[in-house]
Amino acid sequence: MADLSCDFVGIRAPNPFWLASAPPTDKAYNVNRAFEAGWGGVVWKTLGEDPPVVNVSSRYGAVSLRGQRIAGLNNIELITDRPLAVNLEEIRQVKRDWPDRAMIVSLMVPCTEDAWKNILAQVEDTGADAVELNFGCPHGMSERGMGSAVGQVPEYVEMVAAWVKQHSQLPCIVKLTPNITDIRTSARAAFRGGADAVSLINTINSITSVDLDQMAPTPTVDGKGTHGGYCGPAVKPIALHMVADIARDAETRGKPISAIGGIGSWRDAAEFMALGAGSVQVCTAAMHYGFRIVKEMDSGLRAWMDAKGYATLNDFVGKAVPNVTDWQFLNLNYDIKARIDQDKCIQCGLCHIACEDTAHQAITATKNGQRHFEVVDAECVGCNLCMHVCPVEGCISMQRVDDGSFGDWTTHPNNPMRKVAEDS
Amino acid sequence: MPRKPVADIEASRLPADRLRKNFSDIAPTLDQHQALIAAQRCFYCFDAPCTTACPTGIDIASFIRSIATDDRRSAAQTILDANIFGGSCARVCPTEVLCEGACVRNGGERIGAEGEPVQIGALQRYATDWVYAEQAALFERGADSDKRVAVLGAGPAGLACAHALALRGHRVDVYDPKSKPGGLNEYGIAAYKVPDFAQAEVEWLLGIGGIELIHRPGLTKTINLEAMAADYDAVFVAVGLAGVAALNIPGEHLPGVRNAVDFIADLRQSEDLSDLAVGRRVVVIGGGNTAIDAAIQSKRMGAEAVTLVYRRGAESMSATGHEQEFAKSEGVTLLPWAQPRRFLGEDALTQVEFERTALNADGQLIGTGEGFRLHADWALKAIGQRLDAVPLAALDFHRGKIKVDADFATSMPGIWAGGDCAWCEAQPHKQDLTVQAVEDGKRAAIAIDRALRAEQE
């Protein structure tokens, strides 16, 4: 049976499934329930200076997609609204009760060395395993010069990371905001400052929807709304890209990453880990279904690892990174064609109309006057669109038809900047 | 209630609250959440098979997409543009052999989910119900054309034609001897399918204006077709099949032998079902939806035993398999391969004698000579309706119906016909369905409008 135990920058946990810093990790009651359910660790909801913040009523907005509830979730909740001492005492007690689980404490204080120094000492005293610097929250706190207001300025990221390493022995994870142009800049800054790891992504600036009766964004607070942080299944592709970008950047390659962003299943976790994440953090899926989801994540990851012959997490962490490349290195000679399995086809015609209107006119609608959907190879460029719109699993597949040769853009005759062999 | 040995025909076989329940809406409308979930199951097929299967060609994928985006108004408009009786059809259409039967979701296991079709009928009802409740004005009468059209019959074909003509600015007089408009929708459809609905729908339809209902027959001893054609710019005959076929066997006159359509109409027109009598043992003769409706409603009125006897095999019944299954689930006994020989009784019906039937080597139906009798207090005849041809004798007929061309024009200039009373040479297999009648009326109106405008030019 595969071993899921993880050692992430010295933080040990029985499995890589951690709860992200968020409402589910707000207090001992929730965290105890999470550990009972089997979570390997938690990042305690962000602590700040006293007096604590206050939160509004009406905090979440959600996107439903064709009946799927919470395809995306947006929140305008701030950091913990409980006194610092209460949180610290609970952290101390929970860590004592669950010594084998990872206890990471998320922090957000004003951008002064004293403020950080002061809170770090108190956190270290609880016996927590590590700290995570919340440079990500895009709403509320950023208006006060914290959260993403720090994360968006690489110099600040580096500076605060350095303070934290200077004033604490604890491993330091810097949580990155995706609300920037290039995530690599922030990641490089964090590691330059001495951070042990980065975690990402924090939530994305968002307005969930507009209430057309109130003419106000949702979630609506007494007729008004504000942008919030977007998360959940919808953000996973964005998070995967950012994780991969850091994993393959020359300056940060191989550095520890704790991945966050729409993770709700073992497969989501495995995908992030294949792109270099040493642990994963979950929030929205737990908020949707409760802590019990870790059971299927745990058993699913083990089953997959056993099937693949991976004994430990390190056997596959980062394994997909070498296959993430730049467009210019993709094989232009690779050629695939859509194949429609006529026995599986239910005659909905979605492949035809998608291809006819928006792609390459490569799927017929009739044959000999009868409704019939068939690929015209000469027109098919192998774009995959029909396969994606087809509602029948396995009905449309893509078949490779090229001769197996290789040729990419760098040497293509149409490329004005191609590398010509004679020049070298 | 003590049982009477013969002629046990009583009202209030069931308590009033039970009767009310038995005749309440068989398929209540979906609520918003149910409708959204049902709508989201639609694949939005290209050139959708469901639309091809709909006699009125409703753009089903479009109206369901409107529902899925919480836009009932556009959904209703899409439906009613194609089928002005979209509300009735949502309730009475045999969707299992039309739109829902064609739904690609019937592919079942291939799409990795249950093989149930999208609930098109229920969604159509969801989309349209609010229209009648609010009497929403979705159509505006066209500018007055100064043309007058007479429509004979206020059933689905007649009113669909009248509405489509009013939409185009023509003034329409609709003649119907019945006290309420709606035709079979009002008098002929099982009560639990359309409770309190038909009149609201007709009232809404007439809201377009320019349509006058005249509660008397259009054709009389003094006004014949020619006179009517002279008086109006066009005439549309949609009188349906008002005559009831007789069995012409001994005992048909006995009390207790009734026409199923009369029983169904009594049920629909009853103010208080507790006052309406039903036999204890009921035999229904026939194999169409009228027979099924009469049988099920007898049972729901409290009849103890209901047997539906049909002279051919179940697969030949014009009632769909779905309707047959429903009848069985309601406790109706289906007895195929038997034809009535005579009704027995002194002063009232006590038994019906049948002869078993079979197909001979040539595939013809024959009596086998073997007889049997069923005890019955009531026998309901549902062997089909026919056209009362006498007032229309000036027209050409085919198979007992008025012969019309692809534009629903009869053999007589200025006279069109459609609905159950018409046989269309372009659609020889046209079925007697509400939805088909609506399509006939709609298409006839388009043809009439074209003819009237051509006259003007």
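This report covers two interfaces, three single residues and one helix in a predicted model.

## Chain A against chain B

The contact between the chains takes 17 residues from chain A and 13 residues from chain B. Together the two chains bury about 1200 Å². Carbon and sulfur atoms carry 59% of that area. On the chain A side, the area lost to chain B is greatest for Arg66(A), Ile346(A) and Arg371(A). These three residues together account for 44% of what that side buries.

Arg371(A) also takes part in a salt bridge. Its side chain meets that of Asp47(B), with N to O at 3.6 Å. The rule finds 1 salt bridge across the interface of chain A and chain B. It also finds 3 residue pairs in polar contact there, with both residues at pLDDT 80 or more.

Which helix gives the most to the chain A side? Helix H11 of chain A, residues 350–358, does so with 3 residues. By class, the chain A side has 8 nonpolar residues, 4 polar residues and 5 charged residues.

## Domains of chain B

Chain B is divided into three domains. Domain 1 spans 32–134. Domain 2 is made of 148–241 and 387–456. Domain 3 covers 244–381.

The centres of domain 2 and domain 3 of chain B, taken over C-alpha atoms, are 31 Å apart. Their contact involves 13 residues of domain 2 and 11 residues of domain 3. The two domains bury about 970 Å² between them. Of this area, 42% is on carbon and sulfur atoms.

Between domain 2 and domain 3 of chain B the count is 3 salt bridges. One of the salt bridges in the model joins the side chains of Lys193(B) and Glu323(B), at 3.2 Å from N to O. Across the interface of domain 2 and domain 3, 10 residue pairs are in polar contact, both residues at pLDDT 80 or more. Helix H10 of chain B, residues 184–187, gives the most to the domain 2 side, with 4 residues. That side divides into 8 nonpolar, 2 polar and 3 charged residues.

## Three residues

The table lists the accessibility of three residues.

| Residue | Relative accessibility | Class |
|---|---|---|
| Pro336(B) | 31% | partly exposed |
| Asn75(A) | 15% | buried |
| Arg300(B) | 13% | buried |

Pro336(B) sits in a loop of chain B. The loop runs between strand E11 (333–335) and strand E12 (338–344). Why does Pro336(B) count as partly exposed? Its relative accessibility is 31%, and the partly exposed class lies between the 20% and 50% limits. Beyond its neighbours within four places in sequence, Pro336(B) is in contact with Tyr310(B), Arg312(B), Gly313(B) and Ala314(B). Lys401(B) is 65 residues away from Pro336(B) along the chain, and their C-alpha atoms are separated by 28 Å.

Asn75(A) belongs to strand E6 of chain A, residues 68–75. Asn75(A) counts as buried because its relative accessibility is 15%, and buried means under 20%. The side chain of Asn75(A) reaches the backbone nitrogen of Glu77(A) at 2.9 Å. Leaving aside neighbours within four places in sequence, the contacts of Asn75(A) include Arg59(A), Tyr60(A), His139(A) and Thr203(A). Gly228(A) and Gly229(A) are also in contact with Asn75(A).

Arg300(B) lies in helix H14 of chain B, residues 289–300. Is this residue buried or exposed? At 13% relative accessibility, Arg300(B) counts as buried. Its side chain reaches the backbone oxygen of Asn22(B) at 2.8 Å. Asn22(B) is also among the contacts of Arg300(B) outside four places in sequence. Others among them are Leu14(B), Leu19(B), Phe23(B) and Ile26(B). Tyr192(B), Phe326(B) and Glu330(B) are in contact with Arg300(B) as well.

## Helix H6 of chain A

Helix H6 of chain A spans residues 183–192. Its buried residues are Ile183(A), Ser186(A), Ala187(A), Ala189(A), Ala190(A) and Phe191(A). What do the buried residues of H6(A) pack against? Their partners in chain A include helix H4 (148–151), helix H5 (154–167) and helix H7 (236–247). Strand E9 (172–175) and strand E10 (197–200) of chain A are also among the partners. Gly194(A) follows H6(A) and has a positive phi, near 105 degrees.

Technical notes. Residues numbered from 1 in each chain as written. Chains lettered and ligands numbered in written order. Predicted model: local features only at pLDDT ≥ 70, side-chain atom pairs only at ≥ 80, totals over all residues. Heavy atoms only, no water. Contact = heavy atoms within 4.5 Å. Buried area = accessible area lost by both parts, 1.4 Å probe. Salt bridge = Lys/Arg side-chain N within 4 Å of Asp/Glu carboxyl O. Polar contact = N/O pair within 3.5 Å; in protein donor to acceptor, adjacent residues only side chain to side chain. Helix = DSSP H or I, 4+ residues; strand = E, 2+ residues; numbered from the N terminus. Nonpolar A, V, L, I, M, F, W, Y, C, P; charged D, E, K, R; others polar. Domains from an automatic or database assignment. Buried < 20%, exposed > 50% of the residue type's maximum accessible area, 1.4 Å probe, protein only.
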